[in-house]
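Welcome! Below are some short exercises, each with a worked solution. Try each task on the structure yourself before you read on.

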Amino acid sequence: MRSAASKRPARVAERVKEELMRLLLKGELRDPEAAGVYVSHVAVSVDLRLARVYIRLTETESSAESQRAAVRAMNRAGGFLRQKLAPRLELRHLPELRFHWDEQPARAARVEP
């Protein structure tokens with residue numbers, strides 16, 4: 001049986017995802033390379049110090065360059081986003097945000113017949 005402490009990273013990850021999506025939908029980021037970005041998944045480390053944020057683009061077909069540009073833009077905005085998230089999440093230590101391209105849908109498409 002999982003204790004409440006072991007469920008905490010998953011709860012924090014879900015809150016980070018929700019709040020990041022709110023910020024993105026409100027248009028808080030003005031970087032054109034971050035346009036059309038959405039958060040597909042967040043994984044938070046057990047010690048709550050690191051959040052791996054997986055992103056995708058709303059456009060169905062995106063080039064490798066636009067994917068890399070989106071990840072670079074989001075990593076550049078990481079400090080700004082943490083600053084915006086801090087009062088919303090009310091955590092003692094807000095996890096460091098590291099953005100990664102979510103390869104999962106592409107892998108799933110290759111596996112399906």
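**Exercise 1. Find how strand E2 (residues 50-57) is joined to E3 in this predicted model, and in which direction the two run.**

Step 1: Look for the bridges; six of them join E2 to E3.
Step 2: Compare the directions, and you will see that E2 and E3 run parallel.
Step 3: Pick out a facing pair as a check: arginine 52 stands opposite arginine 98 in E3.

**Exercise 2. Work out how E1 is joined to E2, and then describe the sheet.**

Step 1: Seven bridges join E1 to E2, and this pair runs antiparallel.
Step 2: Find a facing pair here too: valine 39 stands opposite isoleucine 55 in E2.
Step 3: Follow the chain from E1 to E2, which form a hairpin with five residues between them. In the turn, leucine 48 has a positive phi of about 65°.
Step 4: Put the strands together. The order is E1-E2-E3 in an open sheet, and the pairing is mixed. Strand E1 (37-44) and strand E3 (96-101) are the edge strands, each pairing on one side only. On average, neighbouring strands of this sheet are turned by 30° against each other, direction ignored.

**Exercise 3. Sort the residues of E3 into a covered and an uncovered face.**

Step 1: Leu97, Phe99 and Trp101 make up the covered face.
Step 2: Glu96, Arg98 and His100 belong to the uncovered face.

**Exercise 4. Place helix H2 (residues 64-76) against the sheet and against helix H3 (residues 78-89).**

Step 1: Start with the sheet. H2 lies across E1, E2 and E3, and runs at about 175° to E3.
Step 2: Check the length of H2: its 13 residues reach 18 Å from first C-alpha to last, close to the 18 Å expected at 1.5 Å a residue.
Step 3: List the buried residues of H2, which are Gln67, Ala69, Ala70, Val71, Ala73 and Met74. A general point helps in reading such a list: an α-helix has 3.6 residues a turn, so residues three or four places apart point the same way.
Step 4: Turn to H3. The axes of H2 and H3 come within 4 Å and cross at roughly 55°. H2 is therefore oblique to H3. Met74, Asn75 and Arg76 of H2 make the contact with Gly78, Gly79 and Leu81 of H3.

**Exercise 5. Decide whether leucine 20 is buried or exposed, and name what it touches.**

Step 1: Locate leucine 20 in helix H1 (residues 4-25).
Step 2: Its relative accessible area is 1%. The cut-off for buried is under 20%, so leucine 20 is buried.
Step 3: Leaving out residues up to four places away in sequence, leucine 20 touches Val39, Val53, Leu81, Leu85, Leu97 and Phe99.
Step 4: Take one of these partners, valine 39. Leucine 20 and valine 39 are 19 residues apart in sequence, and their C-alpha atoms are 7.4 Å apart in space.

**Exercise 6. Describe the protein as a whole.**

Step 1: Count the elements: there are four helices and three strands. From the N terminus on, they run α-β-β-α-α-β-α.
Step 2: Consider burial and surface. Of the 113 residues, 35% count as buried. The protein exposes about 7,400 Å², and carbon and sulfur atoms supply 52% of that area.
Step 3: Finish with the contacts that have a separation of 6 or more: 60% of them are between residues 24 or more positions apart.

Key
Residues are numbered from 1 along each chain as its sequence is written. This is a predicted model: local features need pLDDT of at least 70, side-chain atom pairs count only at pLDDT 80 or more; totals for chains, interfaces and linings use all residues. Side-chain values use heavy atoms; hydrogens and water are left out. Buried means under 20% relative accessible area, exposed over 50%, partly exposed in between (1.4 Å probe, protein chains only). Contact means heavy atoms within 4.5 Å. Accessible areas come from the Shrake-Rupley method with a 1.4 Å probe; for residues, only the protein chains shown count as cover. Two strands pair if DSSP finds at least two bridges between them. Axes are lines fitted to C-alpha atoms, for helices over the stretch in contact, and angles run from 0 to 180 degrees between N-to-C directions. The expected span of a helix is 1.5 Å times one less than its number of residues. Angles under 35 degrees count as roughly parallel, over 145 as roughly antiparallel, 65 to 115 as roughly perpendicular and the rest as oblique.
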